[in-house]
Protein chains: 2
Amino acid sequence: MQAIEGTLSNFHAIIPAGGVGSRLWPLSRAEAPKFLHDLTGSGFTLLRDTWNRVLPLAGADGIMVVTGRAHRAAVQQQLPDLTEANIVLESEQKESSAAIGLAAAILHRRNPDVIVGSFAADHVITDGERFRHAVAEAVAVAREGFITTIGIKPTEPSVGFGYILCGDELAVEGAPHAHLVQRFVEKPDLETATAYLASGDYLWNAGMFISRADQLLAQLAETQPVLHEGLLEIAAAWDTPQRGDVVDAIWPLLPKIAIDYSVAEPAAAAGRLAVIRGDFPWDDVGDFSSLAKLLSGGRPGDLAILGEHARVLADSSSGVVVSQSKRLISLVGVHDIVVVDTPDALLVTTREHAQRVKSVVDAIKQAGRDDLL
Amino acid sequence: MQAIEGTLSNFHAIIPAGGVGSRLWPLSRAEAPKFLHDLTGSGFTLLRDTWNRVLPLAGADGIMVVTGRAHRAAVQQQLPDLTEANIVLESEQKESSAAIGLAAAILHRRNPDVIVGSFAADHVITDGERFRHAVAEAVAVAREGFITTIGIKPTEPSVGFGYILCGDELAVEGAPHAHLVQRFVEKPDLETATAYLASGDYLWNAGMFISRADQLLAQLAETQPVLHEGLLEIAAAWDTPQRGDVVDAIWPLLPKIAIDYSVAEPAAAAGRLAVIRGDFPWDDVGDFSSLAKLLSGGRPGDLAILGEHARVLADSSSGVVVSQSKRLISLVGVHDIVVVDTPDALLVTTREHAQRVKSVVDAIKQAGRDDLL
């Protein structure tokens, strides 16, 4: 596959770096959320991996990061080339519609023709070249006025992801893998997922959105007028001395809603949403079972180990060990186990129950032990 | 049950405090062996529990402890009433025949009529009164010239203990539960253990031996003449200024053999071994599965927790957690699990595989990481 030459014109990447990743507790914490971890053993945090992946398409000046105020220093340390104009700090988390919408509104004021592409800071994509080709196709489709997503060709009947049902092919030059989106479907059961996989018409919803900023904002105006209005007001003040006051006055009042509901699903229903069929390895690493799969390359009998100083002694055991200490971790006869060893908290569960880790996080919240979250 | 009044005349208890308990690693260590731990949550170490249990029978002056030089300070801290004359320090571990034999030889020189009773420092017995009644019976039988053990009436078909097959009843006054021992049998398989339990003729071998010291030494002389000779030489020098020189010259050369093979089995074969049928809760807490059973009172669905500062958050999990840190330990959907959390080592296994913990210890030895043992 040939590398894409040069950046895409009028293209600006947005990296929302927000979610803690509570199903990855106690590795992921409020202070050290998932995107600040190296989950692949690449030596780079997921945030930095994301930056590196979009850099050839957007250039360092063309990447905006939306993150919490608490993470400013960590983000800047990870991304030394991130410019001041491209940092959007949230005083409190407001879900993806507000985060991506604000970035789009700011960028739209600066350049009315901008095409924005939003890419989560905490997903894993191991084939950057194929990813960039898919984005280039999505940008071509977005230029035609579609809000565009990139769906991932499923490789197994996953019950952990939402799916996109592809509709008719779209004839757009430079986008041979473009379709209309017929509809989104929530995480299915195994039987349904197996049927989806067999049909070939379903793609994993990877939560990437590429669109002309004006189209994205127009869709928001239709479905979330209050949010849209607030975002425009903040954007108008953003590059002025009034930024702080306006943000403080408006941001806390904005509704919290995922962009899937405010933009993607309404646009799909209106026939305005396109999808590029992406054929590259992708994972949102939503829990420790996904992490085990990712690290072991899918070999179920393996014991995957993550941690710079990990010292693990295993006797016929499989699963995943995450070590953030120098302690010796010994496993005897435990299968599909998940052991996460951090200085102040230890988690032991199984891959089967990895999704239930959130219940621990909830219990810790209830116990008032926020220091552990 | 009436308490036994006063100490038993000419009776001296011996507490061999030797074994590390490697199946309880990383809780048990060379520096902090099993007998120095409180495994019952009683607030007392097993060693101290043992002392307390025999104290009414022997008095503080009548209890001798045989332990490694490295544990002298810890033992004295646990047992402030232990007298200097009652401490026997081993320069290197020589198994139970040498340890108990030396204590018996020393005590015999001091009092030719002494009856010694040997009780492991790291077993758990929760009914001290019944235990003492059994010992009193054993002493009565020992006065008649028998080497006497106390067997435990089995409560389940355990495959973790050796068994004693009872022979004919013995008519000894003050010992209504005395029998001859027909033979010892090694740890059986489950089917055999079930048959043993059903027959009513088998008892668990709890490794307690009560005997006139001269009888014990005579048996040793028959089966282990070199060992016997060496022990007498050391005992002769023990209460003299030559102790150190003689010990240094002889102890390293003594054979290592368990007292079961040097004394108990030969005595049984010769019709000289008696057993008291003991009916009290006893456990040698040989591995973490035994510990789980002990702590949960046998309820299999329970999660047992051991540790002064243990903070455990469990979501539908069972087994045992041992905590030696202040870390939060969270378990999600893990059953019959064993988690042992110490500052420098973590063990995760299952009750089913608890016996295999020794393989970890062996692997650590091979890796030259003796600091972890």
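Hi everyone. Let me start with how the two chains meet: 100% of the interface residues of chain A are also interface residues in chain B, so the copies meet through the same surface. Please keep in mind throughout that this is a predicted model.

Now, how are the copies related? A turn of 179° with a shift of 0.0 Å along the axis lays chain A on chain B, and the RMSD is 0.1 Å. That is the relation of a two-fold axis. If you want to find the axis on your screen, look for A:Val348, whose C-alpha is the nearest to the axis in chain A, at 4.2 Å.

Let's turn to the contact itself. On the chain A side there are 28 residues, in contact with 29 residues of chain B. Which elements of chain A each give at least two residues to that side? They are strand E13 (311-315), strand E15 (328-332), strand E16 (337-341), strand E17 (345-350) and helix H11 (357-366). E17(A) provides the largest share, with 6 residues. For those of you who think in terms of chemistry, the side of chain A that touches chain B is made up of 16 nonpolar, 6 polar and 6 charged residues.

There is also strand pairing across the two chains. E15(A) and strand E17 of chain B (residues 345-350) run parallel, joined by 5 bridges. One spot to click on is A:Val332, which has B:Thr349 of E17(B) opposite.

Next, let me step back to a single chain. Chain A splits into domain 1, covering 11-283, and domain 2, covering 288-372. Measuring tools at the ready, although this value is already computed: the centres of the two domains of chain A, taken over C-alpha atoms, are 29 Å apart. Where these domains touch, 12 residues of domain 1 are in contact with 16 residues of domain 2. The domain 1 side of that contact holds 6 nonpolar, 4 polar and 2 charged residues.

Last stop, the core. In soluble globular proteins, nonpolar side chains tend to be buried together. Here, the largest nonpolar core has 240 residues. Which of its members touch the most others? Those are A:Leu102, A:Ala103 and A:Val141, together with B:Leu102, B:Ala103 and B:Val141. Taking B:Ala103 as an example, and leaving aside neighbours within four places in sequence, the residues in contact with B:Ala103 are B:Ile14, B:Met64, B:Val66, B:Val88 and B:Val116.

That's my tour, so thanks for listening!

Note on methods
Residues are numbered from 1 along each chain as its sequence is written. Chains are lettered from A and ligands numbered from 1 in the order in which they are written. This is a predicted model: local features need pLDDT of at least 70, side-chain atom pairs count only at pLDDT 80 or more; totals for chains, interfaces and linings use all residues. Two residues are in contact if their C-beta atoms, placed from the backbone, lie within 7 Å. Helices (H or I, at least four residues) and strands (E, at least two) are DSSP runs, numbered from the N terminus. Ala, Val, Leu, Ile, Met, Phe, Trp, Tyr, Cys and Pro count as nonpolar, Asp, Glu, Lys and Arg as charged, and the others, Gly among them, as polar. Two strands pair if DSSP finds at least two bridges between them. Domain bounds come from an automatic or database domain assignment. Copies are superposed by least squares on the C-alpha atoms of residues with pLDDT of at least 70 in both. A nonpolar core is a set of buried Ala, Val, Leu, Ile, Met, Phe, Trp, Tyr and Cys residues joined through C-beta atoms within 7 Å. A residue is buried if 20 or more other C-beta atoms lie within 10 Å of its own, exposed if 12 or fewer, and partly exposed in between; C-beta atoms are placed from the backbone.
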